[in-house]
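Thanks for making the time, everyone. I would like to walk through a few local features of one model, so please have the sequence and the structure open as I talk.

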Amino acid sequence: MGKFNLKDVPSMVKDGLTEVKTYWNEPKPGNYVSWKEIVADIFAVAGEESMNKTIPAYIGFGCLMSTFIYQIPVQWFTIIGLITGPIGYLWTVVGMNLNDNLGFLSRKTARTISAIYTPLLVLGLGLLLFAPVTGPGSMENVIPGYWKYWGINLFCTTFGAYRGIFWKQILLEKIGRYKTTVFVNLIPNLVLTALIIYIPFDQMTLANRAWILCLLYSLLGNYGISGAANAVTSVITPNEQERIFILAFPGTLANGINSIWGFAVPALASYVKGTQTIEFYRIVLPATFVVAAIMYYGFIGKIKERLITPPMEQKPHINFWTGLDAGLRNKYRWIGAISGVIDGLGTGIGGWIGLMWLYMVRETDWIQAVITTLMMTAYTPGILLSSVWNKIDYRKLYFFNRLTNVVVEVVCIVCLLNGMRNPIHFALLMCGVNYFSTLIGQSMNIVNVNMGQNQGYYQQWISGERVESHAAQVFGWLFGPIGALIGFIIPYLYKTIGYTSNQDVLYMEGMRTKVLLAGCVIAIIGDIACLIPYFWFKFPKKMVKQIVGDLEWRREAAQDLIPVNRLAREGKMAEAKALLQEVIAEREARYAAPPAEADSTG
């Protein structure tokens, strides 16, 4: 590689513009995405992220508007969650089946779900309409309108499931699995949001105010409109290098655009006396939301997902046990889940830099502001670095990222043990090493998204489908309790050294030093222990290419067999057999041999 020369910049820019012009409508050979679609992806992601900084960031179940402005007791939200929590397991199991089968159910499964959901839908609607808000009975002592909340949960969940099945069966093959409800949810979403914002709840009784808001929030959950742009971007191409480029470089531009909303929303809030006024919700949020939504909807339809999946006619049906078994056979999910549980120890020093600023540098606010700004500059180079790092083996990158965290924690310990108590010196030194750690971690976030898609292709390769819902849920069931148990270790350790909920003790240098040392030691143990499962993580890039090639070969074969299967279903076996022979002959002519299957051992 030749040395960089400033004189070469004009020619580099010219070459770049020429490439954009040449491949504006059609992708570059070997790639899947044209520059026109890349630009659309930038604005779709920017619009989605900007939208999320407005209404979705401030309006939701238990939000500031509900508690501070509408004066609903915070504990009521906890009680409502506890009331309907147990039946959530039923919704989870059924939801796994609906999601992984994309709404296309077998007759037996459809009858079973209908037999369960239809009575619950009717019961929920009945409770919603006729259950009293107040009245005698022990349940009303728990929360006014107790049975109303059962009705809301039953009705909204079952209605949402039926609605999801309906729209997926109509739209999924036309616009893809991630954009199915983006357009059909828009009008209901706007109507429900307007009702939440503009209904004069302050004129209602507290009991009525609570259950009506709960109903509106629950219905709003069925009409989500964000998430599609980022989801499609992660599967916009099966080409690994192209995917990393789109996640890194255009992704950086999208982040630059949506950062405008991150500044504008709180800035505009100052003109209506802050986020704790109803004017903020009725004026600032809708205005900023509309601008972002126009950008989002103007470009989301112009980007495409490119999952390597068979036609819907050939898609295998995933039942509960098949989905769980398929997820458990993915060794990479086991490695990630085990490492993730151990990572709970790594939170021992969570928020330490904020703790340091608050309790060590509290008298120098301007230094805190300067350091915060400097730390944020690590994000962009970190994202851009990911396109270079992706050429390195993922396991090596993971090890390097974890060991970088260990270096930061060791430096902290050394400084504390050697008597560096000066707040300014300590802050500057720690922020210097943490800047490097942040840069590395930010680039790893992009690489992790890419690896997640590669693991999805591996899952599809071994089981015929991605089974995303089943796989995520089964590992949540297995490792969730263990993670919760590990989460008790750190609070217990802090309690033994005298640090509990009274954070004022951190103003004392001796106590602060103990807390930082204990947190660093636990974090080092967690970061190093996280590496152990990854000694078995072997996923070379050659294997990724082989898997993608094999999946494309299978998809073509499934597409070619569609007319054969149709004839067989119609009972025309002789014609089906003859056509099958023709398909086999044609494919043998097209491929001298099928692509070599990837070695699942890596």
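Let me begin with a question: does Cys156 count as buried or exposed? Before I answer, please keep in mind that what we are looking at is a predicted model. Cys156 counts as buried, since its relative accessibility is 4%, and the cut-off for that word is under 20%.

That leads to the cysteines, and to what a search for disulfides gives. Across the whole structure, the search finds zero disulfides. For Cys156, the closest cysteine sulfur belongs to Cys214, and at 7.8 Å it is too far for a bond, because a disulfide requires the two sulfur atoms to be within 2.5 Å. Seen from the other side, Cys214 is in no disulfide either, its nearest cysteine sulfur being that of Cys156. Cys214 also counts as buried, with a relative accessibility of 4%.

Next, a helix pair. Two packed helices are described by the angle between their axes and the distance between the axes. Here, helix H7, residues 107-130, packs with helix H9, residues 146-175, at an angle of about 140 degrees, and their axes are 7 Å apart. As the label of roughly antiparallel is kept for angles over 145 degrees, H7 and H9 are therefore oblique to each other. The crossing in which H7 passes H9 is left-handed. On the H7 side, the residues making the contact include Ile113, Tyr117, Leu121, Leu125 and Leu128, while among those contributed by H9 are Trp147, Lys148, Trp150, Phe155 and Phe159. Sorted by character, the residues of this contact divide into 17 nonpolar, six polar and one charged.

Now to helix H21, which spans residues 423-463 and holds Gln455. Which residues does Gln455 touch, if we leave out those up to four places away in sequence? They are Asn330, Tyr332, Arg333, Phe537 and Phe539. Gln455 is buried, with a relative accessible area of 17%, which is under the 20% cut-off.

Finally, I would like to turn to a backbone feature at Val467, a residue in the loop between H21 and helix H22, the latter covering 468-486. What is the sign of phi at Val467? It is positive, at about 35 degrees, although Val467 is not a glycine. Val467 is also buried, its relative accessible area being 1%.

Definitions and conventions
Residues are numbered from 1 along each chain as its sequence is written. This is a predicted model: local features need pLDDT of at least 70, side-chain atom pairs count only at pLDDT 80 or more; totals for chains, interfaces and linings use all residues. Side-chain values use heavy atoms; hydrogens and water are left out. Axes are lines fitted to C-alpha atoms, for helices over the stretch in contact, and angles run from 0 to 180 degrees between N-to-C directions. Helices (H or I, at least four residues) and strands (E, at least two) are DSSP runs, numbered from the N terminus. Angles under 35 degrees count as roughly parallel, over 145 as roughly antiparallel, 65 to 115 as roughly perpendicular and the rest as oblique. A crossing is left-handed if the near helix is turned anticlockwise from the far one by less than a right angle, and right-handed if clockwise. Contact means heavy atoms within 4.5 Å. Ala, Val, Leu, Ile, Met, Phe, Trp, Tyr, Cys and Pro count as nonpolar, Asp, Glu, Lys and Arg as charged, and the others, Gly among them, as polar. Buried means under 20% relative accessible area, exposed over 50%, partly exposed in between (1.4 Å probe, protein chains only).
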